[in-house]
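Hi there,

Here is the structure I promised to pass on to you. Please have a look at it first, and then read my notes below.

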Number of protein chains: 2
Amino acid sequence: MAEVIGALGEIVGAAQVLTGAEAAGHARDWTGAYVCDPLCVVRPATTGEVAAVLRLANAAGVPVVPLAGNTGLTGGGGADAAILLSVERMRAIRAIRPEAHVAVVEAGVVLADLQAAAEAHDLAFPLSFGAQGSARVGGALATNAGGSNVLRYGNARDLCLGLEAVLPTGEVVDLMSELHKDNSGYDLRDLLIGAEGTLGVITAAVLTLVPRPRAYATATVAVASVEDGLALLNRLQRETGGAVEACELMPGRYLDALAAHDPAVRPPFDARHAVNLLIEVGATAPRDATPGPDGATPVQAQLEEILGDLFEAGAVHDAVVAQSDAQRAEMWARRERAAEVVLAPGPVAVNDLAVPLDRVGAFLAQADAAVAARDAGAVPLAVAHLGDGNVHYAVRLSRDDAALKEAIVEAVEEIVREMRGSFSAEHGIGRAKLPSMRRRKDPGALAAMRAIKAALDPAGVMNPGKVLPD
Amino acid sequence: MAEVIGALGEIVGAAQVLTGAEAAGHARDWTGAYVCDPLCVVRPATTGEVAAVLRLANAAGVPVVPLAGNTGLTGGGGADAAILLSVERMRAIRAIRPEAHVAVVEAGVVLADLQAAAEAHDLAFPLSFGAQGSARVGGALATNAGGSNVLRYGNARDLCLGLEAVLPTGEVVDLMSELHKDNSGYDLRDLLIGAEGTLGVITAAVLTLVPRPRAYATATVAVASVEDGLALLNRLQRETGGAVEACELMPGRYLDALAAHDPAVRPPFDARHAVNLLIEVGATAPRDATPGPDGATPVQAQLEEILGDLFEAGAVHDAVVAQSDAQRAEMWARRERAAEVVLAPGPVAVNDLAVPLDRVGAFLAQADAAVAARDAGAVPLAVAHLGDGNVHYAVRLSRDDAALKEAIVEAVEEIVREMRGSFSAEHGIGRAKLPSMRRRKDPGALAAMRAIKAALDPAGVMNPGKVLPD
């Protein structure tokens, strides 16, 4: 293996090949749950160097694991005795073309850096989630990352027009087009997006930018049921022409747990409600930034009017529209502290699920009942992106019992399967969800995936042991 | 082969196997350019029957060509001695779920039928193009069809949440989810979409519905340059929050040809302008359907105000906003007669191209110059979907000369390549574009496509001779 390390040094320069303690930072994922013992870390500077590393790995039969920001949640990075190929040095924003609304970037660009660069052109890169300060473009695309604005802007796949990648055999695929229509053969771009680095290394991309919202109207709303929440969302979409940026569901039980976790958090309403929504509308017109005589911007006034109508009609129990940036931030903080509440010390079973939009309420009812039947003392703590059907369904268990945890995950996933949902909405498969993939993915689809993997990676060097169960 | 026909009859019923004169209608594409001599036509009624046909075809080594509405433009259907598998009998709209904004349909559903069914729920299925009265869902997905509303709603791929397909070997892949987030393995859905039936037969789909616009504001606008047109579009997108449904470019030369073709067509303005746009904004809020005291709906008033501002600023030379449905129809007729004008008798070279949004003006200038250098008497007649960079660039030649036509196509595609555009924007490859695919598609991408084809269709039975050049 010393020969391989030497040859890698020839390709990228010896200083860019890290071993032993120097490699330890890359060998551990940020959750700390996945630690590996790699052959080395290599940090190529160009697509040509990435291709050379992969040709070498094929010849030597050494696995290669691509790394970007290393912020994934399912153990998709890392493998013992592997070359960890980090794209961190490939971090140029090659171009921003404001009239065409595109950015041409390398895979190592940090999402927050791209967001800032877009903003300098009065545009936005709308892929946004907690890890955006360290997550990089290559990883966001490899995992088809989501977040809370998917409702309006789609996930990473929907924001990617073009791609450059190195296939497992070292062949470069240049799909760096900026086109909204291109029907010239199979959709390799979308095959590489979401493949979690098992079909190649994404090295560059053309990404979509959007007009930057000039004003937001943000509200917390209590409704009678999840179904009423969906009807409210549908009405808002019609009224605003599709300008709803987020529609987050916070059940009363979650807000109770948040208050118990941190008594300094103010509840949204004097009364407790079972179904609470955080709704945000974004307005991009310059006039939307100008408040009227009563201090409300046009989009705030519009949201207040609609919520007022629905309150009169009995569809809304209570509602507060944020009157300041501070109030908006307070509303978002209630939602964004979910991870902290869920991951507080103690046994917990976590699920990242999606169900059809009109089944979220039924899912929660069935899942809560299934949990109660298995652990009467368990507390289900769901929060959901209601606008895209993605439920983060965590269960705080009454006792630390691996069999119980497994039984609850199994029961919840079975409900999801019956609703034609997905056991992995936005976090991907990695290693963590391999058992679910084996048990619940359509067998025909699994067979086709395996055939594609074997065709593009005949030597099996590319991120082995991820996505596809044995 | 009589045995194969007999066995097919066992699967679908003898009455659903057509041969000889009975098969002639299916053996000819609607342009009349592609006629084949098939073994037979089979018309299965279920996914199980489709799978059985494919297993039989694999065993017998007989090619299978899927057919839906047979309205493609590039010869993607048909092959001598093949089984033409028509999905025309699989035409159930299984469900429309209005709150979730989805339709669950079989592959043989005619697009116009789905549009009507959606409208009954006050929703729209926004995939819209000339052939929608006979094109079917399976074909629209297999070719990733586009049309004039791609700007707002995306192409067929963007409107498809879930898919069921039979792979070439007869294996059924069930991806019929209704999910907006599903990261569970490789994106087989998008691989099958746009594969033009070479990787399997699409049998059913879950499609996205959208709120139905209640009012439109439609205008014809003369601007100084294509670049000014793009700036106008970007401003309108900001002002309307992304509600622009179409932005079609009609150069003066096209309008001249239209007037010559049919003197009854009124020109849009008294003066002739070099760059004319057809712009349409759609408004979904109920209040948008109510005209104000001056007779204009709110969205019409907004468009008039913006265009007035731009006229004052000199960015718009002239503009007319439609005041009635009849005026709107007249504006659209100018654009929709393009095919008729282009395909009038006489030699013509037709191209379906895409370039980056901010290069459309430069493309037209370079292409017109390249054409003039090769045929001084040629008349380029471009129309374009400016909002998505798709240019239908037709050239009426001064003489019928195959070498000249080839030279002009070659020169135009070379300009497109230099701009990182696509030689096939929305019509696909089929047989017609195989030479362009061979010459201009990235070699790494072509190799990967061939590997995938071989992996999923080892016997090579599925729609042979399409998409991938030898």
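In this predicted model, 86 residues of chain A are in contact with 86 residues of chain B. Together the two chains bury about 6,800 Å² between them, and carbon and sulfur atoms give 53% of that area. On the chain A side, the residues that lose the most area to chain B are A:K181, A:Y186 and A:R238, which together make up 16% of what that side buries.

Charges also meet across this interface, where 14 salt bridges are found between chain A and chain B. One of the residues just named takes part in a salt bridge to the other chain: A:K181 pairs with B:D388, at 3.3 Å from N to O.

Next, the domains of chain A. The chain is divided into domain 1 (93–211), domain 2 (215–338) and domain 3 (345–427). I looked at how domain 2 of chain A meets domain 3 of chain A, whose C-alpha centres lie 25 Å apart. Here 15 residues of domain 2 are in contact with 17 residues of domain 3. The area buried between these two domains is about 1,300 Å², with 68% of it given by carbon and sulfur atoms. Which three residues of domain 2 supply more of the area buried against domain 3 than any other three? They are A:L230, A:L249 and A:R253, with 40% of what domain 2 buries there.

A:R253 turns up again in a salt bridge, this time with A:D368, and the closest N and O atoms are 3.4 Å apart. The count between domain 2 and domain 3 of chain A is 1 salt bridge.

A:G252 is worth a look as well. This glycine is found in helix 8 (residues 252–261) of chain A, and because its relative accessible area is 3%, A:G252 is buried. Leaving aside neighbours within four places in sequence, A:G252 is in contact with A:R272, A:H273, A:A274 and A:N276. A:G252 and A:L381 are 129 residues apart in sequence, while their C-alpha atoms are 9.4 Å apart in space.

Now for the aromatic rings. How many aromatic pairs does a search of the whole structure find? There are 2 over all chains. In one of them, A:F363 and A:Y393 meet edge-to-face, at 5.5 Å centre to centre and with 75° between the planes. A:F363 lies in helix 12 (residues 360–374) and A:Y393 in strand 18 (residues 390–396) of chain A, so this pair ties together parts that are 30 residues apart in sequence. A:F363 counts as buried because its relative accessibility is 0%, and A:Y393 is buried too, with a relative accessible area of 0%.

Chain B has an edge-to-face pair of B:F363 and B:Y393, at 5.4 Å centre to centre and with 75° between the planes. This pair links B:F363 in helix 12 of chain B with B:Y393 in strand 18 of chain B, 30 residues apart. Both B:F363 and B:Y393 are buried.

There are charges over rings to inspect, too. The charged end of A:R328 sits over the ring of A:Y216, 4.0 Å from the ring centre. In chain B, the charged end of B:R328 sits over the ring of B:Y216, at 4.0 Å from its centre.

Finally, the salt bridges overall. Side chains of opposite charge can pair when their charged atoms come close. The count over all chains comes to 68 salt bridges, and here are a few to start with:

- A:E106 and A:R94 form a salt bridge with the closest N and O atoms 3.2 Å apart. The pair links strand 6 (residues 102–106), which holds A:E106, with strand 5 (residues 93–97), which holds A:R94. A:E106 is buried at 14% relative accessible area, whereas A:R94 is partly exposed at 43%.
- A:R337 and A:D262 form a salt bridge at 2.8 Å between the closest N and O atoms. The two residues lie in loops of chain A and are 75 residues apart. Is each one buried or partly exposed? A:R337 counts as partly exposed at 21% relative accessibility, and A:D262 counts as buried at 19%; the cut-off for buried is under 20%.
- B:R439 and B:E410 meet in a salt bridge at 3.3 Å, N to O. B:R439 lies in helix 14 and B:E410 in helix 13 of chain B, so the pair ties together parts 29 residues apart in sequence.
- A network of salt bridges links A:E406, A:E410, A:E413, A:E414, A:R417, A:R439 and A:R440.

Happy exploring, and best wishes!

How values were computed. Residues numbered from 1 in each chain as written. Chains lettered and ligands numbered in written order. Predicted model: local features only at pLDDT ≥ 70, side-chain atom pairs only at ≥ 80, totals over all residues. Heavy atoms only, no water. Phe/Tyr/Trp six-rings, centres within 6.5 Å; stacked < 30°, edge-to-face > 60°. Helix = DSSP H or I, 4+ residues; strand = E, 2+ residues; numbered from the N terminus. Buried < 20%, exposed > 50% of the residue type's maximum accessible area, 1.4 Å probe, protein only. Lys NZ or Arg CZ within 6 Å of the ring centre and 35° of its normal. Domains from an automatic or database assignment. Contact = heavy atoms within 4.5 Å. Buried area = accessible area lost by both parts, 1.4 Å probe. Salt bridge = Lys/Arg side-chain N within 4 Å of Asp/Glu carboxyl O.
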